[in-house]
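Q: I'd like a close look at one part of this model, with enough of the rest to see how that part fits in. Please pick one helix and follow it outward to its surroundings.

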Amino acid sequence: MARRLEGKIAIVTGAGSVAEGIGNGRAAAILFAREGARVLLVDRKREAAEDTLRAIKDEGGEAAVCEADVTVAADCARMVEGAMTRWGRLDILDNNVGIGGGGSVVEVDEAAWERIMRVNVTSMMLASKHAIPAMAAGSGGAIVNISSISALRPKGLTPYSASKGAVIALTKAMAVDHARQGIRVNCIAPGPVFTPMVSGRGMAPELREMRKNASLLKVEGTGWDIGYAALFLVSDEARYITGIVLPVEGGVLLGSPGR
Ligand SMILES: NC(=O)c1ccc[n+]([C@@H]2O[C@H](COP(=O)([O-])OP(=O)(O)OC[C@H]3O[C@@H](n4cnc5c(N)ncnc54)[C@H](O)[C@@H]3O)[C@@H](O)[C@H]2O)c1
């Protein structure tokens, strides 16, 4: 059976992980490569992306590292040029970079607010701004933006929730704007998955258990769960799907205490 992304060229932003382990971007990059894509691993931490590269090469896949900060327009341009120069086309963009940020509007510091909007939202606009013309020059493409259930069910992380809500609106607007160019744009809203972004901060075992039990399934989500959803959305199996928000959260959104 043909692999699901055979011949495709993909960019994954935040393809490293902030600490050891499997983040959402790293998982997606490994799965894309496993399914035959050649993957540009973008991260502002070169070593983090190199760890992902090693994992892909160990499985016989093809990838390359691009050290870039996706909040910087010139870096986003260079990242797309890098993929085009190396492989001659671009089919897939996984806009995965994101950082956390807590507090209410009363508590939040203005600079911290601007920063989270820049990293979580502006970066996706910049990466897409450069990727879309490259995709359109070929045979179209697929973009997946990583939001969060925090946008759908806010809980004390107001700057983060607002930024991830903007990611959902951005996804729908981009889906409308670029459908005629053969570009599908979808969004994943992960639940509380156990990735280095949260484990790297040394999460207490009780909090880890509480996050797991927030799901109806009482299952702990991982980066692989988000990676598999991204793989589906960027594959041709999802050719009739655009502008959606796919929650990947074990039913957290349907849960209530004690259920
Ligand atoms: N972990 C969760 O529970 C969870 C839940 C919902 C949504 N998400 C979202 O999933 C995405 C990935 O999360 P993760 O937990 O895998 O994160 P992670 O922190 O493990 O990995 C993110 C990677 O992005 C890189 N990065 C950060 N800023 C960058 C920038 N400006 N330019 C280039 N690279 C940059 C980091 O170096 C890191 O390697 C984020 O958008 C996050 O908001 C995570």
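A: Here's the overall picture first, then the helix, its neighbours and a few other spots.

Some ground rules: this is a predicted model, where local features need pLDDT of at least 70, side-chain atom pairs count only at pLDDT 80 or more, and totals for chains, interfaces and linings use all residues. Numbering runs from 1 along each chain as its sequence is written.

The chain has eight helices and seven strands (DSSP runs numbered from the N terminus: H or I of at least four residues for a helix, E of at least two for a strand). Its radius of gyration is 17 Å, close to the 18 Å that the globule rule gives for 259 residues, so the chain is as compact as a globular protein of that length. That radius is taken over C-alpha atoms, and the rule is 2.2 Å times the number of residues to the power 0.38. Along the principal axes, the C-alpha trace spans about 50 × 35 × 35 Å.

Buried residues account for 46% of the 259. Buried here means 20 or more other C-beta atoms within 10 Å of a residue's own, exposed means 12 or fewer, and partly exposed is in between, with C-beta atoms placed from the backbone. If you take contacts between residues at least 6 apart in sequence, 77% of them join residues at least 24 apart; a contact is a pair of C-beta atoms, placed from the backbone, within 7 Å.

Now the helix: let's take α8 (223-234). It has twelve residues and reaches 16 Å from its first C-alpha to its last, close to the 16 Å expected at 1.5 Å a residue (that is, 1.5 Å times one less than the number of residues). How many of its twelve residues are buried? Nine, so α8 is mostly covered: they are G223, D225, I226, G227, A229, A230, L231, L233 and V234. The cover includes α1, β4 (92-95), β5 (141-146), β6 (183-190) and β7 (245-248).

Just ahead of α8, in the loop that links it to α7 (205-213), sits K218. This lysine has a positive phi of about 55° although it is not a glycine. It counts as exposed because it has 12 C-beta neighbours inside 10 Å.

From α1, have a look at N24. It is buried, with 31 other C-beta atoms within 10 Å. Beyond four places in sequence, its contacts include G223, I226 and G227, along with N96, I146, P190, V193 and T195. Those three partners are among the buried residues of α8. N24 and I92, on the other hand, are 68 residues apart along the chain, with 16 Å between their C-alpha atoms.

For β6, try A189. It counts as buried because it has 25 C-beta neighbours inside 10 Å. Its contacts beyond four places include V245, L246 and P247 on one stretch and S147, S148, I149, A151 and L152 on another. The C-alpha atoms of A189 and L152 are 8.5 Å apart, across 37 residues of chain.

S148 picks up the thread in the loop between β5 and α5 (158-178). It too is buried, with 28 C-beta neighbours inside 10 Å. Besides A189, it touches Y160, K164 and P190, leaving out residues up to four places away. V248 is 100 residues along the chain from S148, yet their C-alpha atoms are separated by 9.0 Å.

Back to α1 for the ligand: α1 (24-34), α4 and α6 (196-199) each supply at least two residues of the shell around it. There are 30 residues in that shell, and G14, G16, G23, G98 and M197 come nearest; a residue belongs if its C-beta atom, placed from the backbone, lies within 6 Å. α6 gives the most, with three residues.

Last stop, the largest nonpolar core, which has 67 residues, with I11, V12, A29, F32, V39, L41 and V42 making the most contacts inside it. Such a core is a set of buried Ala, Val, Leu, Ile, Met, Phe, Trp, Tyr and Cys residues joined through C-beta atoms within 7 Å. L41 touches V12 and A29, and its other partners beyond four places include A49, L53 and C66.

Key:
Two residues are in contact if their C-beta atoms, placed from the backbone, lie within 7 Å.
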